[in-house]
Amino acid sequence: MAIERVESAFNGSQRQLNAVGNDLYTGSHEAPEKAGEYNLRVSAYDDGGNVTTSDTAVGVTKWHAPKTNWQPTDPVNIEDYNRIKNNLEFLNERASELYAAFLVQDMGADKIGYRTDYHADEWNLFEQNLDTINKHIFTQDYGPTVRFFDNGPFIDWEELNRLEGAILQMNILLDNLEAGLARLSFRLGDWKGVKV
């Protein structure tokens, strides 16, 4: 029996997947706003009316690899803005789990649509939140914090490299801390000499 179509269902949406060669299908779903584990169901229908279904748990995270190779001619688009914002939120959540909980300032929802403007106070929030996170983990020197003003110079490629480079380094630091915490098991003495 030949496969007639393949569909996927994820977080309340359903898509028909596109055939790419023999026995390979591709498609995409929009990731939910909230991080966590979600069920992905893929169903293959053959020309005989049979259905084969496979369920898989998919982990959704706010973390996306930072861009650390900005060039002077690179434009800042909404994907860049949302990546930086979501990575800062991810670092705050992760650092709050590994250290004492702390809050950063609310950076709002993701930007959508290409007619969106950027404002100085949004980039200033990114800078302030980066500093807040850095102060709550092992404080590192990531260079001077920049402050932006409306109708002033826009964030440049060097500052974007500093900002996203610091985000990447902080995540690596948290990776190392988490790995160390998982292996840090020891016993203090064997109670010899303890008198009650």
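Here is a short chat about two residues, E7 and I133, in a predicted model.

Visitor: Why is E7 called buried?
Guide: E7 comes out at 14% relative accessibility. The cut-off for buried is under 20%, so E7 counts as buried.

Visitor: What makes the E7 and Q14 pair a polar contact?
Guide: Their side chains are joined at 2.6 Å, and the limit is a pair of N or O atoms within 3.5 Å. E7 has another such partner in R5, with the side chains joined at 2.9 Å. Set against that limit of 3.5 Å, both count.

Visitor: Where is E7 found, and what is β1 joined to?
Guide: E7 is in strand β1, residues 3–10. Four bridges join β1 to strand β2, residues 13–16, and the two run antiparallel. One of the bridge partnerships is F10 with S13.

Visitor: How do you know that β1 and β2 pair?
Guide: Pairing takes at least two bridges, and there are four here, so they pair. The two strands form a hairpin with two residues between them, and N11 in the turn has a positive phi of about 50°.

Visitor: And I133, why is that one called buried?
Guide: Its relative accessible area is 0%. With the line drawn at under 20%, I133 is therefore buried.

Visitor: Which residues is I133 in contact with, neighbours within four places in sequence aside?
Guide: I133, which sits in helix α2 (residues 120–136), is in contact with L88, L91, N92, F102, V104 and M170. I133 and M170 are 37 residues apart in sequence, yet 8.6 Å apart in space, C-alpha to C-alpha.

Methods: Residues are numbered from 1 along each chain as its sequence is written. This is a predicted model: local features need pLDDT of at least 70, side-chain atom pairs count only at pLDDT 80 or more; totals for chains, interfaces and linings use all residues. Side-chain values use heavy atoms; hydrogens and water are left out. Buried means under 20% relative accessible area, exposed over 50%, partly exposed in between (1.4 Å probe, protein chains only). A polar contact is a pair of N or O atoms within 3.5 Å; within protein, one must be able to donate a hydrogen and the other to accept it, and residues adjacent in sequence count only if both atoms are side-chain atoms. Contact means heavy atoms within 4.5 Å.
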